Structure formats: C-alpha cells, structure tokens
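Reader: I would like a close look at one part of this chain. Please take me through the nonpolar core.

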Amino acid sequence: MENDRRGRAASGPVTRANGDQTKEKILDAAEELFGAHSFDTVSLRDITNHAGVTLALASYHFGTKDNLFSAVMVRRAHYLNQMRISLLGQLDADGSTDVGAYIDAFLRPFVTQAISEDAGWKSYIELVSKVALTNRWNDLVRDHYDELANQFIARIRPLLPDHSEEALYRGFAFGLQLGLQIISQNRRVDSLSGGKYSGRDLEASYAYGLKFVTAGMLGLASK
C-alpha cells in the first residue's frame with residue numbers, strides 16, 4: 001500500500017497504535033542490522049527493506065539515520081539502568097563493602113540479557129560493544145549511562161580510601177571496556193587455547209573477567 005510523506009496510507013490516516021507498531025518494526029530492524037554490521041555500512045533503505053516498510057515512514061518517524069541510531073541506543077538503556085538501580089539498592093540495603101559486588105552489579109545486567117533467548121537483546125549488546133570501541137558516540141553514551149555509572153563510582157570511593165580519584169575513574173572505565181569485550185563473546189581465547197576454552201562460554205568468561213577487573217581495581221592503590 002502506498003504511503004504519502006506524512007506516513008498516511010492511501011486508505012486512511014495512520015492510527016497511533018499502528019504508528020507505534022511501525023516505529024517498533026523499524027527500531028527492531030535497525031537494531032539487528034546495526035548490531036550485525038555497522039552504522040556506516042547500513043543504509044536507511046536497508047533498514048526499511050528489512051522492516052518491510054517504506055522509506056517515507058522511516059523518515060516520518062525518525063527523520064534521519066542518525067536519529068534512528070540514537071533511538072535504537074536509547075530504547076534499551078532505560079531497562080538496563082533500572083536493573084542496575086535494583087542491584088545497587090540491594091547492595092546498599094545489605095551495607096556491602098565488596099568492591100567486586102558493585103562492579104558486578106553494573107556489568108551483570110548485560111550478561112543476563114546476553115545469555116537470554118531474546119534476539120533483540122543480543123543485537124543490542126553487539127551494537128553497544130561496537131559503540132564502546134569508538135569515541136564517535138561518546139555524547140550519546142554519556143547522556144544515558146554516565147549518571148548512573150558515577151553513582152556506582154561514588155559507592156566504591158569510600159571502600160578504596162587509598163585510591164586517587166583518577167585511579168577510580170580509569171579503573172572503572174577499564175572494567176567497562178573489558179566487560180563489553182567479554183559480553184560480545186570475543187573469540188580470541190578460542191584460538192589461543194586451541195579451542196579448549198571459548199569466548200562463547202559467557203558465564204565462565206565473565207566469572208574470570210570480574211575477578212580480573214576487581215583485582216585490577218584493587219591494585220590501583222596509590223600507597
């Protein structure tokens with residue numbers, strides 16, 4: 001069915017309900033393609049073809065590919081942050097003094113979603129892992145993730161009185177970068193071990209990674 005530039009079908013106006021469904025279809029398709037490939041190699045037309053909608057509808061709902069990319073990144077950020085807030089609340093209630101537990105509470109939601117059967121989450125995590133390797137999207141990451149990350153750093157700070165502020169920030173950032181590499185199921189360990197161990201064994205990789213990050217953070221004391 002043909003659509004005009006305002007996203008209206010030839011047979012009548014688009015309702016809010018089917019408009020929302022169309023937006024979700026576009027977001028799902030964009031998430032899958034951006035996760036599997038990259039922002040630069042995926043066109044808006046690729047996305048609309050994959051979603052089974054017209055280019056005019058994508059332009060109507062999102063305007064540009066940049067806007068669509070931002071919407072994909074933001075859509076699941078709130079859910080991840082709510083999971084982190086819940087875990088942080090549990091640690092606060094318990095009066096935890098375990099640095100590793102706070103690092104785990106920030107990274108664990110990614111792991112939980114990565115091992116789920118939800119294909120959308122798998123695509124999203126692949127996308128976030130790629131975004132973390134470049135400075136191109138720093139503003140987007142800052143706007144939706146940094147406030148909560150700083151809350152975690154604030155909880156860790158009194159637990160590590162011998163650490164400088166710089167050590168805390170750099171250590172936390174290193175942990176995030178390693179965590180995302182693990183969660184993306186990087187296969188380097190497969191070749192190094194001749195296939196004996198696999199990056200696809202996410203639980204094992206994460207368990208070792210968490211110990212590594214925690215030990216690294218503790219090792220940054222200035223005294």
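Author: Here is the core, followed by the chain around it.

This is a predicted model, in which local features need pLDDT of at least 70, side-chain atom pairs count only at pLDDT 80 or more, and totals for chains, interfaces and linings use all residues. Residues are numbered from 1 along each chain as its sequence is written, and side-chain values use heavy atoms, leaving out hydrogens and water.

A nonpolar core is a set of buried Ala, Val, Leu, Ile, Met, Phe, Trp, Tyr and Cys residues joined through side-chain atoms within 4.5 Å. Buried means under 20% relative accessible area, with a 1.4 Å probe and protein chains only. The largest nonpolar core here has 58 residues. Those with the most contacts inside it are Phe 34, Ile 47, Leu 68, Phe 69, Ile 103, Ile 156 and Phe 172. Helix α5, residues 99–114, gives the most to this core: 10 residues.

Now take Phe 69. Leaving aside residues up to four places away in sequence, Phe 69 touches Phe 34, Phe 39, Leu 127, Val 131, Trp 137 and Leu 140. Contact means heavy atoms within 4.5 Å.

Next, the whole chain. There are 10 helices and zero strands. Both are DSSP runs: helices are H or I with at least four residues, strands are E with at least two. Of the 223 residues, 40% count as buried. Among contacts between residues at least 6 apart in sequence, 68% join residues at least 24 apart. The C-alpha atoms fill a box of roughly 70 × 45 × 30 Å, taken along the principal axes.

Notes
Buried < 20%, exposed > 50% of the residue type's maximum accessible area, 1.4 Å probe, protein only.
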